[in-house]
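Subject: Structure for you to look at

Hi,

Here is the structure I promised to pass on. Please open it next to the sequence, then read my notes below.

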Amino acid sequence: VELYYDGAKKLQTTSGGVQITGIATLTNRLHVQAGVSTFEADVRFGIGATVGFGTSAFFKDDAAIFLGDDSDLKIHHDGSNSRIQDVGTGDLILQGSADIKLQSASAENYIVANDTGSVDIFFDNSKKVETTSGGLKVTGITTLTDRLHVEAGISTFDADVRFGIGA
């Protein structure tokens with residue numbers, strides 16, 4: 001079956017379903033019972049639209065998801081790298097109901113922002129730096145390439161402190 005508008009074919013049935021040429025405007029809803037829907041161009045949803053996916057949504061390389069009236073937030077994979085970009089005004093804020101973690105593919109921690117307010121930095125999944133209510137705690141050898149300046153207060157060292165060239 002084929003439907004034409006002004007001499008141009010706009011809709012036809014195929015062995016796989018229906019093919020539409022041009023813009024299809026749905027005033028209520030599109031319900032896909034099962035199977036895969038493939039879109040070869042941009043898909044736009046109206047203001048206040050709710051979009052639901054049963055389990056997963058898949059996008060090809062170089063496809064991007066834009067959010068916001070001015071496309072302020074972009075989620076993109078270029079085939080090699082994945083990016084979350086704030087390309088508009090304002091800050092990019094990550095919030096979680098618990099800790100926020102940056103981890104490797106093997107789940108080793110890089111940085112953990114704890115919901116208690118502290119931040120931990122790891123090397124090879126071993127905590128090396130953490131913020132505390134009193135300041136900063138460093139575990140391991142710390143090498144300063146320029147200087148350590150103590151503005152005020154008392155500095156306490158619990159082990160050897162070496163000063164000078166070759167120390």
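The lining of the second largest pocket divides into eleven nonpolar, nine polar and six charged residues. Keep in mind that this is a predicted model. The volume of this second largest pocket is about 1200 Å³. Of the 26 residues that line it, T142, L144, L148, F157 and V161 are the closest to its centre. Which strand gives the most to the lining of the second largest pocket? Strand β11, residues 135–138, does, with four residues.

Next, the surface. There is a nonpolar patch of about 810 Å². Eight names to mark up: L26, L30, V32, F39, V43, F45, V51 and F53 make this patch. Take F39 from that list. F39 sits in the loop between β3 (17–20) and β4 (64–67). Is F39 buried or exposed? F39 counts as exposed, because its relative accessibility is 52% and the cut-off for exposed is over 50%.

Last, the start of the chain. V1 lies in the segment before β1 (2–5). V1 has a relative accessibility of 70%, so V1 also counts as exposed. Where does T14 come in? V1 and T14 are 13 residues apart along the chain, and their C-alpha atoms are separated by 8.2 Å.

To find your way around, start at T142 and L144, two of the residues closest to the centre of the second largest pocket. Then turn to F39 in the nonpolar surface patch, and finish at V1, in the segment before β1.

Best wishes

Conventions:
Residues numbered from 1 in each chain as written. Predicted model: local features only at pLDDT ≥ 70, side-chain atom pairs only at ≥ 80, totals over all residues. Heavy atoms only, no water. Patch = residues over 30% accessible without salt bridge, like charges linked within 9 Å, V, L, I, M, F, W, Y side chains within 5 Å. Areas by Shrake-Rupley, 256 points an atom, 1.4 Å probe, with all protein chains shown as cover. Salt bridge = Lys/Arg side-chain N within 4 Å of Asp/Glu carboxyl O. Helix = DSSP H or I, 4+ residues; strand = E, 2+ residues; numbered from the N terminus. Buried < 20%, exposed > 50% of the residue type's maximum accessible area, 1.4 Å probe, protein only. 1 Å grid on protein atoms, 1.4 Å probe; cavity = no way out; pocket = protein on both sides within 12 Å on 5 of 7 lines; lining within 4 Å. Points joined across faces, edges and corners; volume = space filled by probe spheres on them. Nonpolar A, V, L, I, M, F, W, Y, C, P; charged D, E, K, R; others polar.
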